[in-house]
Structures are given as structure tokens and as C-alpha cells.
Amino acid sequence: MVALSASGSACRSAKSPAGVGAVGMGVGLVFSGRRPDGREIALSNRSKWTIQAAGASATLRWQVGEPVQVGGSGQGAWPVAITSLVSGATALARPAGRF
């Protein structure tokens with residue numbers, strides 16, 4: 001998987017970024033859908049996420065219903081790491097609201 005493999009250890013941090021807890025962090029979430037370019041995704045808790053350009057290729061491979069884990073990335077502009085529990089591919093993200 002090409003998506004953000006260089007930041008793997010930082011992406012699996014348990015640290016919760018400020019303001020993200022309100023939309024649900026952790027496991028027990030599934031991928032619900034995406035925009036055609038992969039730059040915005042939705043999760044089962046009705047949260048939306050803007051995806052860093054380098055991670056969009058990973059989200060294009062995710063299937064609806066696929067379990068994901070959400071955690072802190074340690075990256076300022078992209079504070080959240082969303083990882084597929086099926087493929088292990090990670091995309092950095094920031095909150096984009098709810099649907």
C-alpha cells in the first residue's frame with residue numbers, strides 16, 4: 001500500500017487530537033463512503049473527514065462496511081490517522097463535519 005507508509009508509526013498513535021473526540025475516535029467504526037476522488041470520506045458514526053492528497057489513493061481501495069480505526073497522527077495539519085483494519089492502509093485526515 002502506497003498511502004503514507006513512511007508515517008506508519010506516527011499514524012498508530014493513541015493520542016487523541018483536540019476536537020476530534022466529539023465525532024468518535026477508536027475502533028468499532030466502519031467505512032461508509034467517499035467522494036469519487038477519495039479526498040473526503042464518511043464513517044459509520046456519521047462523521048466526515050477531509051483526506052490528505054497523499055492518502056486519497058488508499059481510500060479509493062476501501063470498501064463500504066470495511067472496519068477502520070481512527071487515532072491521532074501526530075501531524076499538525078492532518079491530526080487524525082484513519083486505518084483500514086482489512087488492508088492496513090492509512091490516510092491522514094481532519095474533521096469535515098457530520099452527515
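1. Buried residues make up 43% of the 99 residues in the protein chain, and this figure, like every other in this note, refers to a predicted model. The accessible surface of the chain comes to about 4,800 Å², and carbon and sulfur atoms account for 55% of that surface.

2. The secondary structure of the chain consists of two helices and six strands, which follow one another along the sequence in the pattern α-β-β-β-α-β-β-β. When contacts with a separation of 6 or more are considered, 55% of them join residues that stand 24 or more positions apart.

3. The largest nonpolar core has 15 residues, and those that touch the most other members are Ile 41, Leu 43, Trp 49, Trp 62, Val 70 and Ile 82. Each of the strands S1, S2, S3, S4, S5 and S6 (90-98) supplies at least two residues of this core. A student may find it useful to set this beside a general tendency: in soluble globular proteins, nonpolar side chains tend to be buried together.

4. Which aromatic rings pair with each other in this model, and how are their planes arranged? A search of the whole structure finds one aromatic pair. It is formed by Phe 31 and Trp 62, whose ring centres are 5.7 Å apart and whose planes meet at 85°, so the pair is classed as edge-to-face. Because Phe 31 belongs to strand S1 (residues 26-34) while Trp 62 lies in the loop between helix H2 (56-59) and S4, the pair ties together parts that are 31 residues apart in sequence.

5. Both partners of that pair deserve a closer look. Phe 31 has a relative accessible area of 1% and is therefore buried, and Trp 62 is likewise buried, with a relative accessible area of 1%. Once neighbours within four places in sequence are left aside, Trp 62 is in contact with Phe 31, Arg 34, Ile 41, Ile 82, Ser 84, Ser 87, Ala 89 and Ala 91.

6. The loop between strand S2 (40-43) and strand S3 (47-51) holds Asn 45, and Ser 44 and Arg 46 are found in that loop as well. Asn 45 has a relative accessible area of 18%, and because the cut-off for buried is under 20%, Asn 45 counts as buried. Ser 44, at 36%, is partly exposed, and Arg 46, at 43% relative accessibility, also counts as partly exposed.

7. Further details of this loop can be checked in the model. The side chains of Asn 45 and Ser 47 are joined by a polar contact of 2.6 Å. Ser 44 touches Gly 28, Leu 29, Val 30 and Ser 32, if residues up to four places away in sequence are not counted, and the C-alpha atoms of Ser 44 and Pro 67, which are 23 residues apart along the chain, are separated by 9.4 Å.

8. What is notable about the backbone of Arg 46, given that it is not a glycine? Arg 46 has a positive phi of about 70°. For comparison, most residues other than glycine have a negative phi.

9. The charged end of Arg 94 sits over the ring of Trp 78, at 3.8 Å from the ring centre. Pro 79 is placed in the loop between strand S4 (67-72) and strand S5 (80-84), and with 21% relative accessibility Pro 79 counts as partly exposed. Although Pro 79 and Leu 92 are 13 residues apart in sequence, their C-alpha atoms are 7.2 Å apart in space.

Notes:
Residues are numbered from 1 along each chain as its sequence is written. This is a predicted model: local features need pLDDT of at least 70, side-chain atom pairs count only at pLDDT 80 or more; totals for chains, interfaces and linings use all residues. Side-chain values use heavy atoms; hydrogens and water are left out. Helices (H or I, at least four residues) and strands (E, at least two) are DSSP runs, numbered from the N terminus. Buried means under 20% relative accessible area, exposed over 50%, partly exposed in between (1.4 Å probe, protein chains only). Contact means heavy atoms within 4.5 Å. Accessible areas come from the Shrake-Rupley method with a 1.4 Å probe; for residues, only the protein chains shown count as cover. A polar contact is a pair of N or O atoms within 3.5 Å; within protein, one must be able to donate a hydrogen and the other to accept it, and residues adjacent in sequence count only if both atoms are side-chain atoms. Rings of Phe, Tyr and Trp (its six-membered ring) pair if their centres lie within 6.5 Å; planes under 30 degrees apart count as stacked, over 60 as edge-to-face and the rest as tilted. A charge sits over a ring if NZ of Lys or CZ of Arg is within 6 Å of the ring centre and within 35 degrees of the ring normal. A nonpolar core is a set of buried Ala, Val, Leu, Ile, Met, Phe, Trp, Tyr and Cys residues joined through side-chain atoms within 4.5 Å.
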